[in-house]
Amino acid sequence: MTPALEALQKALKQMPGIGYRSAERIALHLLVEKPERLPELVAALQQAANSVRRCTVCGNLAEGEQCAVCADERRRNGQVCVVEYVPDLAAIERSGAYRGRYHVLHGKLSP
């Protein structure tokens, strides 16, 4: 193993749900099997790092001041669903059952 490959694996292992073997497979896939995909991945990561931030209203992910949910004037203003993390909001949105507003805590509240 080279130091650069080990550093890539170490960085990948820090991602949720990715262990040693998964990190190794991803790193080898990008460097050996499909190196042409690497620049696209690097560009997508850089673009996301530069443009994605928290919505100033609810804490969801946004590329402007407000996320798509907060910018939607058809949403019910009298309802607020408090969620722990952004994936929780995304799951509720996929269901299509809720049309109110959200507040993302970005972690647990200590009782």
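A salt bridge, as I will use the term this morning, is a side-chain nitrogen of Lys or Arg within 4 Å of a carboxyl oxygen of Asp or Glu, and by that criterion the structure holds five of them. Before I go into these, please keep in mind that this is a predicted model, in which local features need pLDDT of at least 70 and side-chain atom pairs count only at pLDDT 80 or more, while totals for chains, interfaces and linings use all residues. Residues are numbered from 1 along each chain as its sequence is written, and side-chain values use heavy atoms, with hydrogens and water left out.

Let me start with the charged residues. Asp 72, Arg 74, Arg 75, Glu 93 and Arg 99 are linked in a network of salt bridges. Within this network, Arg 75 pairs with Asp 72, the closest N and O atoms being 3.9 Å apart, and Asp 72 also pairs with Arg 99, where the closest N and O atoms are 3.3 Å apart. Asp 72 sits in the loop between helix H4 (68-71) and strand E3 (76-83), and Arg 99 in the loop between helix H5 (86-95) and strand E4 (100-104), so this pair ties together parts that are 27 residues apart in sequence. Helices and strands here are DSSP runs, numbered from the N terminus, with H or I and at least four residues for a helix, and E and at least two for a strand.

A further salt bridge joins the side chains of Arg 75 and Glu 93, at 2.5 Å from N to O, and it too links distant parts of the chain, with Arg 75 in the loop between H4 and E3 and Glu 93 in helix H5, 18 residues apart.

How buried or exposed are the members of this network? I call a residue buried under 20% relative accessible area, exposed over 50%, and partly exposed in between, using a 1.4 Å probe and protein chains only. Arg 75 is buried at 6% relative accessibility, and Asp 72 is buried at 14%, whereas Glu 93 is partly exposed at 27% and Arg 99 is partly exposed at 30%.

Turning to the strands, E3 and E4 run parallel and are joined by five bridges, two strands being paired if DSSP finds at least two bridges between them. In this pairing, Val 82 stands opposite His 103 in E4. Together, E3, H5 and E4 make a right-handed β-α-β unit, right-handed meaning that, with the strands pointing away from the viewer, the path from the first strand over the helix to the second runs clockwise. Strand E4 is mostly covered, with four of its five residues buried.

That brings me to the interior. The largest nonpolar core, a set of buried Ala, Val, Leu, Ile, Met, Phe, Trp, Tyr and Cys residues joined through side-chain atoms within 4.5 Å, has 12 residues, among them Cys 55, Cys 58, Cys 70, Val 83, Leu 89, Tyr 98 and Tyr 102. H4, H5 and E4 each supply at least two residues of this core. Cys 70 touches Cys 55, Val 57, Cys 58 and Arg 101, not counting residues up to four places away in sequence, where contact means heavy atoms within 4.5 Å.

The structure holds one aromatic pair. Tyr 98 and Tyr 102 form it in an edge-to-face arrangement, at 5.2 Å centre to centre and 65 degrees between the planes; for this, ring centres of Phe, Tyr and Trp (its six-membered ring) must lie within 6.5 Å, and planes under 30 degrees apart count as stacked, over 60 as edge-to-face and the rest as tilted. Both Tyr 98 and Tyr 102 are buried.

I will finish with three residues elsewhere. Gln 9, in helix H1 (residues 3-13), is buried at 5% relative accessibility, and, leaving out residues up to four places away in sequence, Gln 9 touches Met 1, Tyr 20, Ala 23, Glu 24 and Ala 27. Leu 30, in helix H2 (residues 20-33), is buried at 10%; beyond its neighbours within four places in sequence, Leu 30 is in contact with Pro 35, Arg 37, Leu 38 and Leu 41. The C-alpha atoms of Leu 30 and Leu 41 are 9.3 Å apart, with these positions 11 residues apart in sequence numbering.

Lastly, His 106, in the segment after E4, has a phi near 60 degrees, a positive value in a residue other than glycine. Most residues other than glycine have a negative phi. His 106 is partly exposed, with a relative accessible area of 27%.
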